[in-house]
Amino acid sequence: MNTNRTKDKSRSSETLETTLHQQVGPHVAVREPDYDAMWMRMEVELERGDRSAAGGRAASRARVRKVALATTLGAALIAVPAYAAIQYDWSDLLQGREGIQTALAQGLGQEIERSITHDGVTLTLHTAIIDEGRTLILYSLDGEERSDHFSGFSAITITDADGKAFEAYAYVAQSAESRDDSRLATGYFETDWSPSASSEAVSFSVDGIAFTTNAETPLAFNASDTGIYRTDVHESGIAQVELGAFAQPDGQTLIRTTLIPESGQEQAPSGSLAAYDRTGKLIQPVKGSMYGTPDGSVGFFNQDTFSATDLLQKGVTYKLLYSKQSEQIDETWDFPLVLDKSKMAHASTKQKLDMQFGSGETAVQLKELTITPAQIRIDMDLGQLGYAPFKDYQLLMNGKAIDLGFRLKSEKNLKDTVLFMDRPADLQLTADSTIELRARHELLNHKGDLPAPVQLANIGDQKQSLTTNVGGYPVTWTYYKQEGNLIVQTSSEDPNFGGIGQTYIGSKRILSDERSFRIWGDIGNSLTEIYNNYEGDSAEMHIFSYSEHRPEQEAKATLYSPAQ
């Protein structure tokens, strides 16, 4: 990736840029304003004003700080150098993020260019894009030459002026394999936080940096075997690995890989299964996988579904892939910053919606439409649903359809969701534009047990099947024992059946594992569960929920039109 500064053709501009860069970065920390001294001076002046205007009443320190923060941080920004001449080319990093690239091109980013070094590793914050409901900070990581991989940060937090901390995640675009010179990584930090006022003093902290090497363990596993394969690993927190193959509908094979952590380790170890054909080519799963699920005992399992034809050909080999930590730097890269969103806010608009979207049991409330140079977002209240009720969402901008993504704003409050998109660079909106929201392929999550439990009788090593009715859909239950474990599989031939979320046995609610949710809307409607060490020869099966697809259903609403 090219992150070289783009220099002006003018000799004087080039000299000025070089001088500024040598004086303030990338390896020299910039001195922040003395905020404590600033607060004290402001408090004295404000308290004097309060006494003269209100007969000697003094405002509390907390109140003064809050007022001062809202009214004077713009002045504090003057003390933080701005490097308008220092520009970087982030286009490779920001592929697919047109809105962010557009905001940078329009000069709406806030230059930071601050560096901190610990143990020979320098973290530089380059530019912040501060948008409605999100903050993105471009960064680079430089250090002494290493053959190991930079694997990530232990924790990333942004702490606002009230002392409330918000988590951020890191996107890494370049690692040790492709670096040039001492560059370890480039990427961006992103969080759903943004300043409540136009500008805000914050602390941005990155804790711990880890380096790893790739490792692998060959597995003498055969997908045609019906038993459980086990082998010791004792690497990277993995004591043992267990593999089992389970036939699925439509010529597919599910492989469950269970990682048993070392004694005393509570965190789920990280590792993944790789299958290769006889030429050494990686065999890809045929649908989405599941990772890191507790198995109800001490292990954590992954599930991958492959084509049975691919796995049963001659010469297929398997490996467990994982990373071994080679170095951990337990330091904190702490940046006191003043983040300002005023430039972006001046080029943005909001409109209250307060309208119902959809109908019946999947109706939700649309709260607000926000359009900025970098994104378009719709705040939505899901009510009691707890999940987005449609699979596909689109905005129709003057009749042009643009796909939307969706995410929960808060994992603790499942009702608040935002539909969002990076704004396309060529999207032109005026007061005469019409904006509509369209959703297709309705998803229904039905909670509750069956009218009557499903009875699995004469459980043994031979597979047995029976078909029952679940919400009007035929569901086949296949069950058998394998090495003392009860295997229960459910599936339906009707593609509109979205799958059973989770089963349990009897009134005591014996669970196969500790899953508490399922991703609704998965194309597959089959579920395989393993009840470890099951001693009975019968089972009374219950379910917590099931899902249903209605691909023909859609909802539509006009969010803005010239007539409104």
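Select Glu 483 to begin: this residue is partly exposed, with a relative accessible area of 44%, where buried means under 20% relative accessible area, exposed over 50% and partly exposed in between, for a 1.4 Å probe and protein chains only. The model is predicted, so that local features need pLDDT of at least 70 and side-chain atom pairs count only at pLDDT 80 or more, while totals for chains, interfaces and linings use all residues. Residues are numbered from 1 along each chain as its sequence is written, and side-chain values use heavy atoms, with hydrogens and water left out.

**Salt bridges around strand S9**

Keep Glu 483 selected and add Arg 230, since the two side chains meet in a salt bridge at 3.2 Å, N to O; a salt bridge here is a side-chain nitrogen of Lys or Arg within 4 Å of a carboxyl oxygen of Asp or Glu. The pair links distant parts of the chain, with Glu 483 in the loop between strand S26 (473-482) and strand S27 (485-491) and Arg 230 in strand S9, 253 residues apart. Strands are DSSP runs of E with at least two residues, numbered from the N terminus. Arg 230 counts as partly exposed at 41% relative accessibility.

Next, select Lys 324 and Glu 235, whose side chains meet in a salt bridge at 3.5 Å, N to O. Lys 324 lies in strand S16 and Glu 235 in strand S9, so this pair ties together parts that are 89 residues apart in sequence. Lys 324 is partly exposed at 32%, and Glu 235 is partly exposed at 28% relative accessibility.

While still in strand S9 (residues 229-235), select His 234, which has a positive phi of about 50° although it is not a glycine. Most residues other than glycine have a negative phi. His 234 is partly exposed, with a relative accessible area of 47%.

**Strand S16 and its sheet**

Now display strand S16 (residues 317-340), which contains Glu 331, and also Gln 328. Gln 328 is partly exposed at 28%, and its C-alpha is 9.9 Å in space from that of Ser 151, although the two residues are 177 apart in sequence.

Widen the selection to the open sheet, in which six strands follow the order S5-S4-S8-S16-S12-S13 with antiparallel pairing; two strands pair if DSSP finds at least two bridges between them. The edge strands are S5 (165-167) and S13 (282-283), each of which pairs on one side only. At the S13 edge, two bridges join S13 to the antiparallel strand S12 (residues 272-276), and Ala 275 has Ile 283 as its bridge partner.

**Strands S20 to S23**

Move on to strand S20 (residues 390-397), where six of the eight residues are buried. Strand S20 pairs with strand S23 (residues 435-447) in the antiparallel sense over seven bridges, and Met 397 stands opposite Ile 435 in S23.

Then select Lys 400 and Asp 426, whose side chains meet in a salt bridge at 3.7 Å, N to O. Lys 400 is in strand S21 (residues 400-408) and Asp 426 in the loop between strand S22 (416-422) and S23, 26 residues apart. Lys 400 is partly exposed at 43% relative accessibility, whereas Asp 426 is exposed at 52%. Salt bridges that share partners also join Arg 97, Asp 131, Arg 134, Glu 190 and Asp 422 into one network.

**Last stop**

Finish at Asn 458, in the loop between strand S24 (454-456) and strand S25 (464-470). Asn 458 has a positive phi of about 50° although it is not a glycine, and counts as exposed at 63% relative accessibility.

Technical notes: Helices (H or I, at least four residues) and strands (E, at least two) are DSSP runs, numbered from the N terminus.
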